Amino acid sequence: SSQLLCCLLLVPIHHFPCPHPTFSWSPSHLFLVLILAFPAVKPRLDIDRCPPQQNWTEGQEGILTCSAKGTPEPQVSCSKDGNSLIPGSIHPADRAHAGTYLCQATNELGTAERNVTVWVQCASEGPGLRGAWGCLGFWALW
């Protein structure tokens, strides 16, 4: 749902031409101005702008993709185990980045949340298990 953000201002009349220089100012010489700023919309994390599954390759540049819609523009933050990862920033992908992040988009009207799982795949072409724990070769299973 959308709402309308607005401001009420008390504006002194002296901002406008006054016919007489001896005019005295008092609270009765103020008037209210209603300013309609823009329609306001709660934050929304769409699957296109914040995919719930993201694949990175170990050693390559990793970018956590997560942005939100809303008015005013929401601030988006993501964290895993108390560690923050700034959406849209570049990181050299390593196994420590793998896991599920809680991403939150916040503006004056509320907060939207989405879990985003980052999978870090092995850099080598060799066999291995891939997932939230990084890369494990078959030798680790024996």
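**Exercise 1. Confidence**

State the mean pLDDT of the protein chain and find where pLDDT stays under 50.

*Solution.* Step 1: pLDDT is the predictor's confidence in each residue, on a scale from 0 to 100. Step 2: for the protein chain the mean pLDDT is 78, and 61% of the residues reach 70 or more. Step 3: residues 136-142 stay under 50 in pLDDT, and the model has eight contacts for them beyond four places in sequence; contact means heavy atoms within 4.5 Å.

Step 4: note the conventions. This is a predicted model, in which local features need pLDDT of at least 70 and side-chain atom pairs count only at pLDDT 80 or more, while totals for chains, interfaces and linings use all residues. Residues are numbered from 1 along each chain as its sequence is written, and side-chain values use heavy atoms, with hydrogens and water left out.

**Exercise 2. Salt bridges**

Determine how many salt bridges there are, and describe the network that includes Asp46.

*Solution.* Step 1: apply the rule, by which a side-chain nitrogen of Lys or Arg lies within 4 Å of a carboxyl oxygen of Asp or Glu. The count by this rule is four salt bridges.

Step 2: take Arg44 and Asp46. They form a salt bridge whose closest N and O atoms are 2.9 Å apart. For accessibility, buried means under 20% relative accessible area, exposed over 50%, and partly exposed in between (1.4 Å probe, protein chains only). Arg44, at 44%, is partly exposed, whereas Asp46, at 18%, is buried.

Step 3: take Lys69 and Asp46. Their side chains meet in a salt bridge at 3.3 Å, N to O. This pair links distant parts of the chain, 23 residues apart: Lys69 is in strand 5 (residues 69-71), and Asp46 is in the loop between strand 2 (30-44) and strand 3 (53-57). Strands (E, at least two residues) and helices (H or I, at least four) are DSSP runs numbered from the N terminus. Lys69 is partly exposed, with a relative accessible area of 36%.

Step 4: take Lys80 and Asp81. Their salt bridge spans 4.0 Å from N to O. Lys80 is buried at 14%, and Asp81 is exposed at 69%. Step 5: join the bridges that share partners; Arg44, Asp46 and Lys69 then form one network.

**Exercise 3. Disulfides**

List the disulfides and say which parts of the chain each one ties together.

*Solution.* Step 1: a disulfide is a pair of cysteine sulfur atoms within 2.5 Å. The structure holds two.

Step 2: in the pair Cys50 and Cys66, the sulfur atoms are 2.1 Å apart. The angle about the S-S bond is -90 degrees, a left-handed link. Cys50 lies in the loop between strand 2 and strand 3, and Cys66 in the loop between strand 4 (61-63) and strand 5, so this disulfide ties together parts 16 residues apart in sequence. Both Cys50 and Cys66 are buried.

Step 3: in the pair Cys78 and Cys103, the sulfur atoms are 2.1 Å apart. With 115 degrees about the S-S bond, this link is right-handed. Because Cys78 lies in strand 6 (residues 75-80) and Cys103 in strand 9 (residues 99-107), the pair ties together parts 25 residues apart in sequence. Cys78 is buried at 2% relative accessibility, and Cys103 is buried at 0%.

Step 4: counting bonded cysteines along the chain, the disulfide pattern is 1-2, 3-4.

**Exercise 4. The nonpolar core**

Identify the members of the largest nonpolar core that touch the most other members, and the strand that gives the most to this core.

*Solution.* Step 1: a nonpolar core is a set of buried Ala, Val, Leu, Ile, Met, Phe, Trp, Tyr and Cys residues joined through side-chain atoms within 4.5 Å. Step 2: the largest one has 17 residues, of which Leu45, Trp56, Leu64 and Cys103 touch the most other members. Step 3: strand 9 and strand 10 (110-121) each supply at least two residues of this core, and strand 10 gives the most, with four.

Step 4: follow Trp56. Beyond its neighbours within four places in sequence, Trp56 has contacts that include Leu64, Leu85, His97 and Trp119.

**Exercise 5. Gly82**

Place Gly82 in the fold and decide whether Gly82 is buried or exposed.

*Solution.* Step 1: Gly82 lies in the loop between strand 6 and strand 7 (83-85). Step 2: its relative accessibility is 73%, so Gly82 counts as exposed. Step 3: Gly82 and Tyr101, 19 residues apart in sequence, are 9.7 Å apart from C-alpha to C-alpha.
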